[in-house]
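Please read the following account with the model open beside it, taking one element at a time. The paragraphs move from a single helix to the annotated segments, and then to the contacts between side chains.

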Amino acid sequence: MQAYDWWEIVPTLIVYLLTMVLGLVGNALIIFTTQRYRRMQSTTNVFLSSLASADLLLIVVCIPVKLAKLMSFTWNAGFFMCKAVHYMQNVSAMCSVFTLTAMSIERYYAIIHPMKVKYLCSLSQARKICAGIWLAAFVMATPILQTIDYKEVGVKYSGMWCVRDFEDDFILRFNDVYSLVVILVVPTGIMVFTYSVICWEVWHVMLQRCQMTSGKGLNVVESIPLSKKRQVGFRESLKKNAGQIRMEEETQTVKQVTKMLVAVVVVFVICWAPLLVDNLLTAYGVLPHGYERVGDLKGYKYMSVCFHLLSYFNSCVNPIVYGFMSRSFRESFRQALCRCCKTARKANRQPSSNTRTTSLRINDTSCSGAGRSASGY
């Protein structure tokens with residue numbers, strides 16, 4: 001135990017455990033609520049469910065192995081897991097960014113070309129797109145398998161390591177450029193374009209509505225006889241106010257959903273860009289390789305560890321973003337947790353009288369009532 005540097009291990013261990021707990025609970029809630037509640041079944045939420053599944057893949061497959069590796073000086077998980085962990089990490093990243101890109105395109109058509117959205121962005125179409133995204137991610141992540149080396153090290157005591165193969169510069173550089181372009185550059189460019197057009201359209205529509213509602217709204221009644229002017233004007237104003245309120249609510253919903261999706265994209269770029277850029281600079285020799293990051297260069301090692309932790313931490317951030325920015329998700333999370341508490345109470349309590357049974361029913365009704373009060377974002 002003396003050989004461990006606990007100042008390095010403990011912070012990393014805390015981040016991994018925090019990511020695992022928050023990621024498992026949060027992403028499981030997203031999948032459950034989007035599949036369980038009818039009001040949550042929309043094309044956007046189908047994509048969000050796929051995004052949560054990609055995060056769960058990283059959490060369930062990769063983090064336990066990373067925790068075991070953290071407490072060992074050698075790689076004890078074998079050849080298959082050496083390849084599988086890095087491969088699944090790339091699959092998760094590609095699936096996440098492809099899903100985010102698909103969501104941005106879906107929002108683009110929903111707002112810019114609303115007449116086409118019924119045919120291009122239906123629920124069945126969204127599910128097919130998600131299936132295609134997963135298939136593409138599994139295929140396009142395969143180059144990483146050629147850059148990971150499972151080799152024996154040590155002179156006096158031998159052991160196995162699972163590291164990036166720095167001996168084959170061409171394959172390593174090709175993979176790092178490929179990963180940067182596929183995961184970061186191209187998807188980010190598409191999303192910047194689509195969300196920029198969406199923001200411009202929303203601003204333009206809001207400006208037009210302000211001009212329409214701030215002018216001469218009741219001038220249409222000037223030609224009506226005096227005896228009927230008050231009644232007609234009153235009815236027209238009611239219709240105008242109801243229509244205006246409905247349009248404002250729709251605009252607020254579009255703005256809120258767009259803000260939430262843009263926030264998810266920004267968080268993804270912040271979490272994954274440092275690791276991808278670090279890998280590329282290391283492959284081209286701008287930064288020292290992993291085995292060289294000792295002594296005076298140990299700061300690069302800490303930097304690399306932080307970048308890896310940041311990429312994993314992305315898997316638990318999205319549910320937090322949804323909870324803060326979407327009222328619909330907050331209410332659905334609350335209803336799902338309430339349902340879990342109800343199930344736990346039923347398992348732990350065996351009602352012995354009609355009074356206790358009535359009490360439980362009242363509590364369950366209040367829980368489901370709170371969940372049914374949610375509608376929209």
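**Helices, charges and rings**

Of the 28 residues of H2, 22 are buried, so this helix is largely enclosed by the rest of the structure. The model is a predicted one, and the geometry of H2 can be set against a simple expectation: at 1.5 Å a residue, the 28 residues of helix H2 (residues 43-70) should span 40 Å, and the end C-alpha atoms are indeed 40 Å apart, which agrees. The helix nevertheless bends, by about 35 degrees at Cys-62, and a proline, Pro-64, follows within four residues.

The UniProt record, an unreviewed entry, places the feature "transmembrane region" at several ranges, among them residues 46-67, 87-109 and 260-282. For two of these ranges the backbone can be described directly. Over residues 87-109 the chain is 100% helix and 0% strand, with the end C-alpha atoms 33 Å apart, and over residues 260-282 the chain is likewise 100% helix and 0% strand, with the end C-alpha atoms 34 Å apart.

Helix H3, which covers residues 78-112, contains Asn-90. Is this residue buried or exposed? With a relative accessibility of 11%, Asn-90 counts as buried, because the cut-off for that class is under 20%. When residues up to four places away in sequence are set aside, Asn-90 touches Ala-141, Ile-144 and Ser-179.

How many salt bridges does the structure hold? There are two. In one of them, Arg-107 pairs with Glu-106, and the closest N and O atoms are 3.1 Å apart. Both partners are buried, Arg-107 with a relative accessible area of 13% and Glu-106 with a relative accessible area of 4%. Another salt bridge joins Arg-164 to Asp-176, where the closest N and O atoms are 3.0 Å apart. Arg-164 lies in strand S2 (residues 159-164) and Asp-176 in helix H6 (residues 169-213), so this pair ties together parts that are 12 residues apart in sequence. Asp-176, at 3% relative accessibility, counts as buried.

Aromatic side chains provide further links, and a search of the whole structure finds nine aromatic pairs. In one of them, the rings of Tyr-16 and Tyr-312 have their centres 5.7 Å apart and their planes at 90 degrees, so the pair is classed as edge-to-face, a class that begins at angles over 60 degrees. This pair links distant parts of the chain, with Tyr-16 in helix H1 (residues 6-36) and Tyr-312 in helix H8 (residues 298-325), 296 residues apart. Tyr-16 and Tyr-312 are both buried.

The rings of Tyr-108 and Phe-193 meet in another geometry: their centres are 6.2 Å apart and their planes stand at 35 degrees, so the pair is tilted. Because Tyr-108 lies in helix H3 and Phe-193 in helix H6, the pair ties together parts that are 85 residues apart in sequence. Tyr-108 is buried, with a relative accessible area of 18%. Elsewhere, ring pairs link Tyr-87, Trp-134 and Phe-138 into a cluster.

Helix H6 thus appears in two of the links described here, once through Asp-176, the salt-bridge partner of Arg-164 in strand S2, and once through Phe-193, the ring partner of Tyr-108 in helix H3.

Conventions
Residues numbered from 1 in each chain as written. Predicted model: local features only at pLDDT ≥ 70, side-chain atom pairs only at ≥ 80, totals over all residues. Heavy atoms only, no water. Buried < 20%, exposed > 50% of the residue type's maximum accessible area, 1.4 Å probe, protein only. Contact = heavy atoms within 4.5 Å. Salt bridge = Lys/Arg side-chain N within 4 Å of Asp/Glu carboxyl O. Expected span 1.5 Å × (residues − 1). Bend = angle between axes of the 7 residues up to and from the residue. UniProt positions renumbered as here; feature names shortened; annotations may be inferred. Phe/Tyr/Trp six-rings, centres within 6.5 Å; stacked < 30°, edge-to-face > 60°.
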